[in-house]
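Colleague: Please take one part of this fold and go through it closely. Start small, then work outwards.

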Amino acid sequence: MRKKIALLLCAACCIGMLSGCGNGATDAPAPAAGSQEKNEAAPADATAGEGAEAENSNLNKEGFPIVNEQITLTVYGQRDQNQAAWKDMWVMQKYEEMSNIHMDFQEVPADGFAENKQLLFASNELPDVFLRSAITPNEVATYGVTSGQLMVLDDLIAEYAPNLTRLFEENPALRQASLASDGHLYIIPAIDLSATGKMDFKQWINTKWLEAVGKEIPTTLEEFKEVLIAFRDEDPNGNGEKDEIPLGIREPSSIYCLGGAFGLEHQMKDTYNVDENGTVHNWLCDDEFKEYLVYLNDLYEEGLLWQDYYKNDRPSWRSNLAGELYGAMYMPYSDVFLNCELDYSGYEPLIGPSGEKSWPDANTGVDFGCFALSNTCSNPEAAIRWVDYFFSEEGGLFFAFGEEGTHYYRDDKGQPRFNDEILNAEEGFMTALGKINMVPGKGFPCLSTDETDGVVASDQTKAAAAILEPYLPKTFYAKPAVSSEDNDRVVAIEQDLNNYRDEAVTKFIIGEWDFSMWEEYCQTLEQIGIRELEEIYQRALDALK
């Protein structure tokens, strides 16, 4: 067998040499589609140039269809439990008709997705497109900046994504929040410009209970405590039992974004303030944070704060909410308490010790790694055109609501509203919506506005957001991508720091630690590397500037 193979190879070589003599030149081998070799060889190779020109001739730079002859792109991503199979979704089927691009979806369940994604990159058997793949800044550093498995998108976006380009030009912070440490774009995010999307938590208070105890909406920390005491002692739900929970903070991590009354911002979605000069400071050891914890400890000791908040028991928290047992609480949207939604109202931030009135739980409006292309993408130009439509107002509405008449109508204010058969579907609204689009679970690369956020934001949620919007930080920073040299150090420090922080802060609040241990707590954070982490993020932020 070896001899036969050797003879065949020799014969092939001879034929190739004879062919070369007859033509006077040799044709360069065709590179793999989307490879680096293709991009480098094209200018010097006439045949390759003709092939690229032929490929682009199938692409329309404007309008629909995106391509004249249908192409297929392989697509990998995470499917939410409320979503139908992506190939069966109405929006995806309709958009294939419009674009003439067939998406070969390879969706993976949410359970175990992170491990599955890691194995995919390790195998290097990559799809054309990563869609709803929750690609993190650390993964961009590893698979984009370092290994080059993710494609740099800057030039493609500038050439083939006019909608996204316009958004980046009008809102430079959106682009900044999407950059890798080398200053390039490897991902396309979801962008939310709505008032509700500018913040995560909204604050809610039970106005029915306020009326029952004869109190007004509080404006200061002191008034807030007085209201909570009345909720505890005066049976506002009128059932004759002392089952009211005055303040329903949901889990340990929620307390860090609620410190606006003490001057504590939540920049970079973490425990940081950034001043007008761009100086980064982690406030976990500041006196203001200690003062905030003393306030929460006082509420806990008096039975005003949910006694099980630190157990991170979501089912119990939701059960309490369904029973309308909370006087005040914090939630991004009111969809989880629809049965008692109208009893709750948003209200302005509380005034703190220094007279400040701010709501720090802000957002850049960027949901980071929703879309990316592999370095072997067979048609990156068409793929970028495919996603760019969803960043127009027309495309954002199409994705979120589907087709007017079929799925939604316009109310008397011109706002889109889902038809009753979808809104009141027997299987549940989110499951019915998951047959139309990928809104359930979020993470799809598209534009959301005040017109389209109504998919998940009720009128009550919009009103609560409007109350808080004037008190958001004027400038909000996303956590910058760090250099590949710093990346491993950041991961190691943050893991240890966050674990210790959450444990220590909980012990201060529930009274297991006395505040005489504050210095020891701060020293431990210093030993873990809180200041080194601060310096790394300062360098990264300065580099982006």
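**A sheet and its surroundings**

Modeller: Start with one pair: V75 has V129 of strand 3 as its bridge partner. The model is predicted, so local features need pLDDT of at least 70, side-chain atom pairs count only at pLDDT 80 or more, and totals for chains, interfaces and linings use all residues. Residues are numbered from 1 along each chain as its sequence is written, and side-chain values use heavy atoms, with hydrogens and water left out.

Now widen the view. Strand 1 (residues 71-79) and strand 3 (residues 129-135) run parallel and are joined by 2 bridges. Strands (E, at least two residues) and helices (H or I, at least four) are DSSP runs, numbered from the N terminus. Two strands pair if DSSP finds at least two bridges between them. Strands of a sheet pair through backbone hydrogen bonds, either parallel or antiparallel.

The sheet is open and has 6 strands, in the order 2-1-3-11-4-14, with mixed pairing. Which strands stand at the edges? They are strand 2 (101-109) and strand 14 (447-448). Each has a single partner strand, so one side of each is left without a neighbour in the sheet. Helix 14 (residues 380-388) packs on the sheet. Helix 14 touches strands 1, 2 and 3, strand 4 (188-192) and strand 11 (366-373). Contact means heavy atoms within 4.5 Å. The direction of helix 14 makes about 150 degrees with that of strand 11. Axes are lines fitted to C-alpha atoms, for helices over the stretch in contact, and angles run from 0 to 180 degrees between N-to-C directions.

Next, a helix pair. Helix 11 (residues 221-233) packs with helix 12 (residues 287-301) at an angle of about 15 degrees, their axes 11 Å apart. The two, helix 11 and helix 12, are therefore roughly parallel to each other (angles under 35 degrees count as roughly parallel). Helix 11 contributes L221, F224, K225 and L228 to the contact, and helix 12 contributes Y295, D298 and L299.

E288 also lies in helix 12. Setting aside neighbours within four places in sequence, E288 is in contact with F262 and L264. E288 and F262 are 26 residues apart in sequence, yet 5.8 Å apart in space, C-alpha to C-alpha. E288 is partly exposed because its relative accessibility is 38%. Buried means under 20% relative accessible area, exposed over 50%, and partly exposed in between (1.4 Å probe, protein chains only).

Now for charge. Side chains of opposite charge can pair when their charged atoms come close. A salt bridge is a side-chain nitrogen of Lys or Arg within 4 Å of a carboxyl oxygen of Asp or Glu. How many salt bridges are found in the whole structure? The search gives 33. One network links K225, R232, D233, K242, D298 and E302. K242 forms a salt bridge with D233, and their closest N and O atoms are 3.7 Å apart. K242 is exposed at 66%, whereas D233 is partly exposed at 42%.

Compare another pair. R250 forms a salt bridge with E251, with the closest N and O atoms 2.8 Å apart. Here R250 is buried at 13%, and E251 is buried at 4%.

Finally, D486 and R539 meet through their side chains in a salt bridge of 3.0 Å, N to O. D486 lies in helix 19 (residues 484-510) and R539 in helix 21 (residues 530-544), so the pair ties together parts that are 53 residues apart in sequence. D486 is buried at 16%, while R539 is partly exposed at 47%.

Notes
Angles under 35 degrees count as roughly parallel, over 145 as roughly antiparallel, 65 to 115 as roughly perpendicular and the rest as oblique.
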